[in-house]
Amino acid sequence: SLAQASDLAESLRPRLRAWLQLQLSILAERAVRSVELVEAQKICGSWGWLMAGECVQPGRHWIRMVKDLTGAKSLPDLLRQLQRGIPDVTFLPSEITLKRWSSGSVFPPFDDALKIFVERVAQRAHVHQPSLDKDRASLAVLKTHAAANRIYHLSSMAAVLEVNYAEVMR
């Protein structure tokens with residue numbers, strides 16, 4: 001604990017844990033105070049599920065949310081739904097990419113391809129739930145991706161610090 005640390009090196013781990021808790025607290029505070037973020041959680045689900053499980057894999061949970069939002073039963077079904085009715089599917093992620101995202105081995109990067117993916121998800125979510133406005137769904141999925149991304153980076157940093165703690169202490 002920080003109170004029991006006798007030097008700077010001993011205080012490193014508790015200070016890092018406190019910093020990570022602060023970052024998660026800031027995200028949680030924004031999640032309940034921002035109208036856009038509250039709306040995103042109404043559409044996509046509470047962000048607590050982004051940290052579910054023993055090993056935090058927010059990208060994996062984000063893809064599951066996308067599947068649920070569109071009513072897809074599987075990743076191939078999700079891809080078929082997103083490809084439906086568009087002539088050029090080259091801008092959508094491949095099934096292999098979706099599997100990487102779903103496994104948690106790769107976090108979906110925020111780029112132009114992801115924006116197209118999210119637009120298609122929002123369109124399919126509107127088909128699955130006609131009362132859901134496409135623009136609101138798109139914004140909600142993007143905001144949830146941003147929260148998942150923040151959690152992903154925090155958990156990655158925590159894992160690196162945990163693994164390299166002995167090295168940091170030298």
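K115 is partly exposed, its relative accessible area being 36% (buried denotes under 20%, exposed over 50% and partly exposed in between, with a 1.4 Å probe and protein chains only). The structure is a predicted model, in which local features need pLDDT of at least 70 and side-chain atom pairs count only at pLDDT 80 or more, whereas totals for chains, interfaces and linings use all residues. Residues are numbered from 1 along each chain as its sequence is written, and side-chain values use heavy atoms, with hydrogens and water left out. The protein chain contains eight helices and zero strands (DSSP runs numbered from the N terminus: helices are H or I of at least four residues, strands E of at least two).

**Overall architecture**

- The order of elements along the sequence is α-α-α-α-α-α-α-α.
- The C-alpha trace of the protein chain extends over about 65 × 35 × 25 Å along its principal axes.
- The protein chain has 170 residues, of which 35% count as buried.
- Considering contacts (heavy atoms within 4.5 Å) between residues at least 6 apart in sequence, 63% link residues at least 24 apart.

**Surface and charge**

- The exposed area of the protein chain is about 9900 Å², and carbon and sulfur atoms contribute 56% of it (Shrake-Rupley method with a 1.4 Å probe; for residues, only the protein chains shown count as cover).
- There are 22 positive and 17 negative side chains in the protein chain, where Lys and Arg count as positive, Asp and Glu as negative, and His and the chain ends are not counted.
- The centres of these two sets lie 4 Å apart, each charge being placed at NZ of Lys, CZ of Arg, CG of Asp or CD of Glu.
- W19, L22, I26 and M157 make a nonpolar surface patch of about 340 Å². Patches are made of residues with over 30% relative accessible area and no salt bridge; like charges are joined within 9 Å, and nonpolar side chains (Val, Leu, Ile, Met, Phe, Trp, Tyr) within 5 Å.
- Helix α1 (residues 8-33) supplies the largest share of the nonpolar patch, namely three residues.
- L22, one of the patch residues, is located in helix α1 and is partly exposed, with a relative accessible area of 45%.

**Salt bridges**

- Five salt bridges are counted, each requiring a side-chain nitrogen of Lys or Arg within 4 Å of a carboxyl oxygen of Asp or Glu.
- One of them joins the side chains of K143 and E36, with an N to O distance of 3.2 Å. K143 belongs to helix α7 (residues 134-163) and E36 to helix α2 (residues 35-44), so this pair ties together parts that are 107 residues apart in sequence.
- Both partners of that bridge are partly exposed: K143 has a relative accessible area of 25%, and E36 has one of 41%.
- K99 pairs with E95 in another salt bridge, the closest N and O atoms lying 3.6 Å apart. The two residues are both in helix α5 (residues 95-103), four residues apart, which is about one turn of the helix.
- K99 is partly exposed at 47% relative accessible area, and E95 is likewise partly exposed at 29%.
- A further salt bridge connects the side chains of D112 and K115 at 3.8 Å, N to O. Within helix α6 (residues 112-128), these two residues are separated by about one helical turn, being three residues apart.
- D112 is exposed, with 57% relative accessibility, whereas K115 is partly exposed at 36%.

**Buried polar and charged residues**

- K67, in helix α3 (residues 58-70), is buried yet has no salt bridge. The nearest side chain of opposite charge to K67 belongs to D68, 6.4 Å away.
- With residues up to four places away in sequence not counted, K67 touches A72, K73, S74, L75 and L78.
- D77 is part of helix α4 (residues 75-83) and counts as buried, at 14% relative accessibility.
- Outside the residues up to four places away in sequence, D77 touches G71 and A72. A72 is also among the residues that K67 touches.
- A distance of 9.9 Å separates the C-alpha atoms of D77 and E95, which are 18 residues apart along the chain.
- S138 lies in helix α7 and counts as buried, at 15% relative accessibility.
- Neighbours within four places in sequence aside, S138 is in contact with V118 and A122.
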